[in-house]
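Please work through the following exercises with the coordinates open, taking each solution one step at a time.

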Amino acid sequence: MNNQQKNNSIGCTVESCKYHCQSANYCTKNAIEVGACNCNAKSVDNTCCQSFEAK
């Protein structure tokens, strides 16, 4: 996928990521990896997208 083909299954608002769709708040990857920011995640704030790459 390029940065114009959004994946309707993965919403994303991180415009600094190279996989962010330029025309909408979606990811352009086929799949992402979500991980915990610490070993004992108990809320959304403790998780992050492991597929992030800076533009």
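A polar contact is a pair of N or O atoms within 3.5 Å, where, within protein, one atom must be able to donate a hydrogen and the other to accept it. The model used throughout is a predicted one.

**Exercise 1. Place Asn-7 in its strand, decide whether Asn-7 is buried or exposed, and find the backbone oxygen that lies 2.9 Å from a polar atom of its side chain.**

Begin with the secondary structure, where Asn-7 belongs to strand β1, which covers residues 7–11. Next comes accessibility: buried means under 20% relative accessible area, and Asn-7, at 11%, therefore counts as buried. Finally, the partner of the Asn-7 side chain is Lys-29, whose backbone oxygen is 2.9 Å from a polar atom of that side chain.

**Exercise 2. Carry out a similar analysis for Ser-51, and state which backbone nitrogen lies 2.8 Å from a polar atom of its side chain.**

Ser-51 is located in the segment that follows β4 (47–49). With a relative accessible area of 13%, Ser-51 is buried, because the limit for that class is 20%. A polar atom of the Ser-51 side chain lies 2.8 Å from the backbone nitrogen of Glu-33. Leaving aside residues up to four places away in sequence, Ser-51 touches Tyr-19, Lys-29, Ala-31, Ile-32 and Glu-33.

**Exercise 3. Describe the setting of Tyr-26, and state how far apart Tyr-26 and Ala-36 are in space.**

Tyr-26 is part of strand β2, residues 26–27, and its relative accessible area of 26% makes it partly exposed. When residues up to four places away in sequence are not counted, the contacts of Tyr-26 include Asn-7, Ile-10, Cys-12, Tyr-19 and Cys-21. Ala-36, by contrast, is ten residues from Tyr-26 in sequence, and their C-alpha atoms are 21 Å apart.

**Exercise 4. Explain why Cys-49 has no bond to the closest cysteine sulfur, and then describe the largest pocket.**

A disulfide requires two cysteine sulfur atoms within 2.5 Å. The cysteine sulfur closest to that of Cys-49 is in Cys-17, and because the two are 6.4 Å apart, they are too far for a bond. The structure as a whole holds zero disulfides. As for accessibility, Cys-49 is partly exposed at 37%, and Cys-37 is also partly exposed, at 49%.

The largest pocket has a volume of about 170 Å³. It is lined by 13 residues, of which Cys-12, Val-14, Cys-17, Ile-32 and Cys-49 are the closest to its centre. By character, the lining comprises nine nonpolar residues, three polar and one charged.

Note on methods: Residues numbered from 1 in each chain as written. Predicted model: local features only at pLDDT ≥ 70, side-chain atom pairs only at ≥ 80, totals over all residues. Heavy atoms only, no water. 1 Å grid on protein atoms, 1.4 Å probe; cavity = no way out; pocket = protein on both sides within 12 Å on 5 of 7 lines; lining within 4 Å. Points joined across faces, edges and corners; volume = space filled by probe spheres on them. Nonpolar A, V, L, I, M, F, W, Y, C, P; charged D, E, K, R; others polar. Buried < 20%, exposed > 50% of the residue type's maximum accessible area, 1.4 Å probe, protein only. Helix = DSSP H or I, 4+ residues; strand = E, 2+ residues; numbered from the N terminus. Contact = heavy atoms within 4.5 Å.
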